[in-house]
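Colleague: I should be grateful for a close look at one part of this predicted model. Please begin with a single residue of your choice and then follow the chain and its contacts outward, in one connected account.

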Amino acid sequence: MQTSPQPAVNAAPPIPSAAHRQACPQCDLLLAHIEPESGNRARCPRCGCVLASSSDSPVTTTLLLCLTGIILYFPTILSPVLSMDILWMKQSGTILESVIGLFRADYRMVSLAVLLMVVVFPALLLTSLGLVSLAIKLRRVSHSTARLFRLALALEEWTMVDVFLVGVLVMIFKMTGTAEIEFGGGFLACLALALTLISLSTICDHRLFWRHIASHNHASSPDWMPAPLKPASLMPQPSALTAAEAGLVLCPACHQLQKPAAACKRCGGPLHQRHGNIARCWALLITATLLLVPANALPIMEVESLGQASSSTIIDGILYFFQDGDYIIGMIIFVASVLVPIVKIAALATLLITAQGWHPAMLREKAALYRFISFIGRWSMLDIFVIALLNAMVHFGVLSSVRVAPAATWFCLVVATTMLATHFFDPRLMWDAANGPKDHEYLH
Ligand SMILES: [Zn+2]
Ligand SMILES: [Zn+2]
């Protein structure tokens with residue numbers, strides 16, 4: 001544990017005296033306020049969700065990482081990621097060229113998805129988080145700082161530089177033997193940017209940031225803070241009160257516990273006792289299931305090799321790797337493109353059924369399942385990134401050419417609908433259903 005004093009500007013403002021409790025964001029259990037020691041995590045005793053983790057990293061570290069990321073961003077998207085040689089012909093491609101290639105091939109939705117997830121969202125994330133850190137360092141925090149920080153947190157899930165990087169590695173395995181491959185400056189920059197973004201998500205201490213923002217936004221004024229509960233109510237027992245039962249609501253963005261209102265007093269985000277809408281989740285899930293059919297039945301890629309044209313589905317691409325003996329790459333694509341969407345749909349259906357009051361057992365395991373599918377969902381974009389790169393780079397005439405095919409659009413829609421269904425699902429509804437009908441009053 002680090003005990004050395006921090007510079008004054010990096011030290012967290014004191015916790016307001018009334019804010020000595022919190023609620024679990026995934027099961028709504030009311031708990032005593034927990035401040036874990038550096039490097040430790042506090043977990044909810046009921047559902048196992050991480051309530052708080054303390055990295056003990058000062059705001060300066062986040063600011064420096066954001067600046068590093070912004071410097072790395074431009075070579076990542078503008079420099080060639082790879083170059084390929086087949087006989088006397090050489091091709092190289094950048095991330096931006098892969099976006100433009102998809103657009104020119106009339107796959108505008110796929111092009112937009114790659115543009116947003118690999119080009120636009122990383123830039124927005126680094127800029128917004130950098131500006132928030134700078135505002136805290138310069139003591140220029142305003143209401144727009146809270147909005148910017150909410151934006152940065154929302155973008156984390158949809159920023160996919162790490163998935164894209166694995167896509168580049170898969171493409172290298174795919175083309176080894178067909179072409180001579182050289183790494184470009186864009187690859188190294190992409191690797192460094194992915195590592196920077198992973199470090200940022202680990203190091204940036206959300207609670208510290210919110211406390212800095214709150215201390216400047218007069219949010220710690222006692223008029224909206226809930227009155228203290230009796231100590232017995234704070235004990236983490238299965239029968240303990242939920243925040244809803246105590247007449248309190250947890251902000252989904254900044255996790256501040258407060259009295260019900262239209263907007264959070266600390267970050268300005270919308271406040272709902274439960275954000276989940278079961279009907280909307282079912283609609284998205286059924287849509288995703290229907291979209292899986294064309295996504296798997298139609299070709300996702302058209303290949304021309306030595307004058308012979310052929311098209312391949314997702315499964316054909318996986319079998320190609322297995323036939324070539326590349327079992328690890330074959331398994332990675334199989335897990336990302338086939339297993340993850342199916343597991344996600346089946347798991348979400350189970351969670352939705354539980355939230356509707358059927359079979360309200362094994363809730364702790366189901367809560368872990370929810371966290372698992374929230375984590376893995378974004379990795380389904382892997383195959384789309386591989387095909388976007390192949391479409392942009394493999395243009396060697398009759399020797400070898402790759403073009404994107406219709407299933408790419410359907411598969412992108414599968415990933416988007418399953419990610420949105422997970423996003424709109426509120427796991428607290430499962431615990432409400434298990435606790436009986438008295439908790440459902442706010443749903444009507
Ligand atoms: Zn919990
Ligand atoms: Zn909030």
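Modeller: Helices here are DSSP runs of H or I with at least four residues, strands are runs of E with at least two, and both are numbered from the N terminus. The model is a predicted one. On that basis the protein chain has 14 helices and 12 strands. The residue I have chosen is M362, which lies in the loop between α10 and α11, the latter covering residues 363-376.

Most residues other than glycine have a negative phi. M362 is not a glycine, yet its phi is positive, at about 50 degrees. A residue counts as exposed if 12 or fewer other C-beta atoms lie within 10 Å of its own. M362 has 12 such neighbours and is therefore exposed.

A second loop offers a parallel case. D106 lies between α2 (95-104) and α3. D106 too has a positive phi, of about 70 degrees, without being a glycine. With 11 other C-beta atoms within 10 Å, D106 is exposed.

From M362 the chain can be followed back to helix α10, which spans residues 327-355. Two packed helices are described by the angle between their axes and the distance between the axes. For α8 and α10 the angle is about 155 degrees and the axes are 10 Å apart. Angles over 145 degrees count as roughly antiparallel, so α8 is roughly antiparallel to α10. The crossing of the two helices is left-handed. On the α8 side the contact is made by I278, C281, W282, L285, A288, T289 and L292, and on the α10 side by P341, I345, L348, A349, L352 and A355. Sorted by class, the residues of this contact are 12 nonpolar and one polar, with no charged residue. An α-helix has 3.6 residues a turn, so residues three or four places apart point the same way. Several of the α8 residues in the contact follow that spacing, among them I278, C281, L285, A288 and L292.

Helix α8 (278-297) leads in turn to I300, which lies in the loop between α8 and β10 (301-305). In contrast to the exposed M362, I300 is buried, with 26 other C-beta atoms within 10 Å. Setting aside residues up to four places away in sequence, I300 touches S312, T313, I314, G317, I387, A405, A407, A408 and F411. The C-alpha atoms of I300 and P406 are 5.9 Å apart, although 106 residues separate the two along the chain. The chain as a whole can be described in similar terms: of the contacts between residues at least 6 apart in sequence, 71% join residues at least 24 apart. Buried residues make up 42% of the 444 residues.

A second pair of helices can be set beside α8 and α10. The axes of α1 (residues 59-78) and α6 (residues 185-203) come within 9 Å and cross at roughly 155 degrees. That angle makes α1 roughly antiparallel to α6. This crossing, too, is left-handed. In α1 the contact includes L65, L72 and Y73, and in α6 it includes A189, L193, L197 and I203. The residues of the contact divide into 11 nonpolar, nine polar and no charged. Neither this contact nor that of α8 with α10 contains a charged residue.

Beyond this pair there is a small piece of sheet to consider. Strands of a sheet pair through backbone hydrogen bonds, either parallel or antiparallel. The sheet in question is open, has three strands in the order β6-β5-β7, and pairs in antiparallel fashion. Its edge strands are β6 (89-93) and β7 (180-183). The twist from one strand to the next averages 20 degrees. Strand β5 (residues 82-86) is joined to β7 by four bridges, and S83 stands opposite E182 there. Five bridges join β5 to β6, where L82 stands opposite G93. Two residues lie between the strands of the β5 and β6 hairpin, in which L87 takes a positive phi near 50 degrees.

Finally, helix α7 (residues 206-216) contains a buried run: L208, F209, W210, R211, H212, I213 and A214. The buried residues of α7 pack against α3 (108-137) and α4 (143-155). This returns the account to α3, the helix that bounds the loop of D106.

Key:
Residues numbered from 1 in each chain as written. Chains lettered and ligands numbered in written order. Predicted model: local features only at pLDDT ≥ 70, side-chain atom pairs only at ≥ 80, totals over all residues. Axes fitted to C-alpha atoms, helices over the stretch in contact; angles between N-to-C directions. Parallel < 35°, antiparallel > 145°, perpendicular 65-115°, else oblique. Left-handed = near helix turned anticlockwise from the far one by under 90°. Contact = placed C-beta atoms within 7 Å. Nonpolar A, V, L, I, M, F, W, Y, C, P; charged D, E, K, R; others polar. Buried ≥ 20, exposed ≤ 12 C-beta atoms within 10 Å, placed from the backbone. Pairing = 2+ DSSP bridges.
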